[in-house]
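The following paragraphs lead the reader through a single structure, from its sheet to its aromatic contacts and its backbone exceptions. The sequence and the model are shown first.

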Amino acid sequence: MVKKAENIIVGISIGDLNGIGSEVILKTFEDTRMLELCTPVIFANAKIVSFLRKELNIDIAIHGIDKIEQLVVGKINVLNVWREGVNLELGKNDDVVGSYAIKSFVAATKALKEGLVDVLVTAPINKYNIQSEDFKFPGHTDYLDKELEGNALMLMVHDDLRVGLLTDHVPVNEVAKHLNEKLITSKIKTIIQTLIQDFEIEKPKVAVLGLNPHSGDNGVIGQEEEKIIKPALKKLFDAGNMVFGPFPADGFFGSAQYEKYDAVIATYHDQGLIPFKTLSFGNGVNYTAGLNKIRTSPDHGTAYEIAGKKVANHESFKEAVYLAIDIYNKRNDYQELIKNPLKTKEKQL
């Protein structure tokens, strides 16, 4: 395999073949300038991808390969993860199609672990139809947390807006049960390290949102802020971390307070993702922070309702590719700096 030093190998899992994943992937690389930044390897089946390319009227050439070592820099490579045909009905929820989404994802993750691809970008899956005896995970993040080193944290990114979560795929009525000092400390340390090594922010400022309305109103509306969140944040702050809060969530984004911080941590999924998607929808990226490998994805789902209609917006997927490349380069720079203290000192001067 010939690899240019500046050309990053991007592994791509195909996602749900009945959704818009294939469309946003192919539209992204229809712009040939993308191939000057990276070499994509789509984990799927070359015949199926070629069929979808024709169905969607996307004018690109693909290069089918059977082994990762056969990839060609500057081409859109499709690695044959399976050989058999798959019956597709675009826009339909199908358990069989879901199983192929997981075949693609598992194979791409294995290549990432083995260093055969530099980064992983995942197309959307349906969390319901991927479940099986062999795959019992709520989604991508949970599987990656098991397979890779580190502690995964969902971090939504759009320009300088970064929103992380203390709890992600947890039912709302169970969120309070999951909050404890250990979890809060671990998640905040993860996001601080991520901001330093992956975003080149030397002294990150992090805001944390409260769980209850008005952040508990000093214990009048819930005790989680007083008994759990505030003590944990005080210990972190006293240890030299620029961590602030907990802030009432209702006005935090509307008043643009988030602009004062390098990242915001929400206590649960919708508390963070509703304002994030309101501010960034169509261009946001889901980054799995805290792991030893880099994975990004677009901030949308399978969108069955528009699958096959050739109207899917590929900007979020393209931004996911850009962010994966950017983090890969910044993380490599960071590793070089910490290996050579002299370089670090020179950079500070």
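In this predicted model, strand β4 is mostly covered, with 5 of its 5 residues buried. The covering applies to both faces of β4: Ile 76, Val 78 and Asn 80 are buried on one side, and Asn 77 and Leu 79 are buried on the other. Strand β4 pairs with β2 in the parallel sense over 4 bridges, and Val 41 stands opposite Asn 77 of β4. Strand β3 also pairs with β4 in the parallel sense, again over 4 bridges. Here the bridge partner of His 63 in β4 is Asn 77.

These pairings belong to a wider arrangement. An open sheet of 12 strands runs in the order β3-β4-β2-β1-β5-β12-β11-β6-β7-β10-β8-β9, with mixed pairing. Its edge strands are β3, residues 62–65, and β9, residues 242–247, each of which pairs on one side only. From one strand to the next, the twist averages 25°. As a general matter, strands of a sheet pair through backbone hydrogen bonds, in either the parallel or the antiparallel sense.

An antiparallel example is provided by strand β6 (residues 150–158) and strand β7 (residues 161–165), which pair over 4 bridges. Within this pairing, Leu 155 stands opposite Gly 164 in β7. Two helices that pack on the sheet may be considered next. Helix α3, residues 46–55, touches β2 (38–44), β3 and β4 (76–80), and its direction makes about 165° with that of β3. Helix α4, residues 95–113, packs on the sheet by touching β1 (8–13), β2 and β5 (119–122); the direction of helix α4 makes about 165° with that of β5.

At the other edge of the sheet, strand β8 (residues 205–209) and β9 run parallel and are joined by 4 bridges. Leu 209 stands opposite Phe 247 in β9. Between these two strands the chain passes through helix α8, residues 224–238, and the resulting β-α-β crossover is right-handed.

How many aromatic pairs does the model contain? The count comes to 14 aromatic pairs. In one of them, the ring centres of Phe 199 and Tyr 287 are 6.3 Å apart and the ring planes meet at 70°; this angle is over 60 degrees, so the pair is edge-to-face. The two residues lie in distant parts of the chain, 88 residues apart, with Phe 199 in helix α7 (residues 181–199) and Tyr 287 in strand β11 (residues 285–291). Both partners are buried: the relative accessible area is 9% for Phe 199 and 0% for Tyr 287.

A second pair consists of Phe 244 and Tyr 261, whose ring centres are 6.0 Å apart. Their planes lie at 50°, which is neither under 30 degrees nor over 60, so the pair is tilted. This pair, too, links distant parts of the chain: Phe 244 is in strand β9, Tyr 261 is in the loop between α9 (249–252) and β10 (263–266), and the two are 17 residues apart. Phe 244 is partly exposed at a relative accessible area of 24%, whereas Tyr 261 counts as buried at 13%. Ring pairs link Phe 237, Phe 244, Phe 247, Phe 252, Phe 253, Tyr 258 and Tyr 261 into a cluster. In addition, the charged end of Lys 205 sits over the ring of Tyr 261, 5.4 Å from its centre.

The backbone geometry also calls for comment. In general, most residues other than glycine have a negative phi, and most peptide bonds are trans. The peptide bond from Gly 245 to Pro 246, however, is cis, with omega near 0°, and Pro 246 is placed in strand β9. Asn 218 has a positive phi, near 55°, in the loop between β8 and α8; this residue is exposed, with a relative accessible area of 66%. Ala 303 likewise has a positive phi, about 50°, although it is not a glycine. Ala 303 lies in the loop between β12 (295–298) and α11 (315–339) and counts as buried at 18% relative accessibility.

One further loop residue gives a sense of distance across the model. Glu 133 lies in the loop between β5 and α5 (140–147) and counts as exposed at 69% relative accessibility. Glu 133 and Leu 279 are 146 residues apart in sequence and 38 Å apart in space, C-alpha to C-alpha.

Terms used. Residues are numbered from 1 along each chain as its sequence is written. This is a predicted model: local features need pLDDT of at least 70, side-chain atom pairs count only at pLDDT 80 or more; totals for chains, interfaces and linings use all residues. Side-chain values use heavy atoms; hydrogens and water are left out. Two strands pair if DSSP finds at least two bridges between them. Axes are lines fitted to C-alpha atoms, for helices over the stretch in contact, and angles run from 0 to 180 degrees between N-to-C directions. Contact means heavy atoms within 4.5 Å. A crossover is right-handed if, with the strands pointing away from the viewer, the path from the first strand over the helix to the second runs clockwise. Rings of Phe, Tyr and Trp (its six-membered ring) pair if their centres lie within 6.5 Å; planes under 30 degrees apart count as stacked, over 60 as edge-to-face and the rest as tilted. Buried means under 20% relative accessible area, exposed over 50%, partly exposed in between (1.4 Å probe, protein chains only). A charge sits over a ring if NZ of Lys or CZ of Arg is within 6 Å of the ring centre and within 35 degrees of the ring normal.
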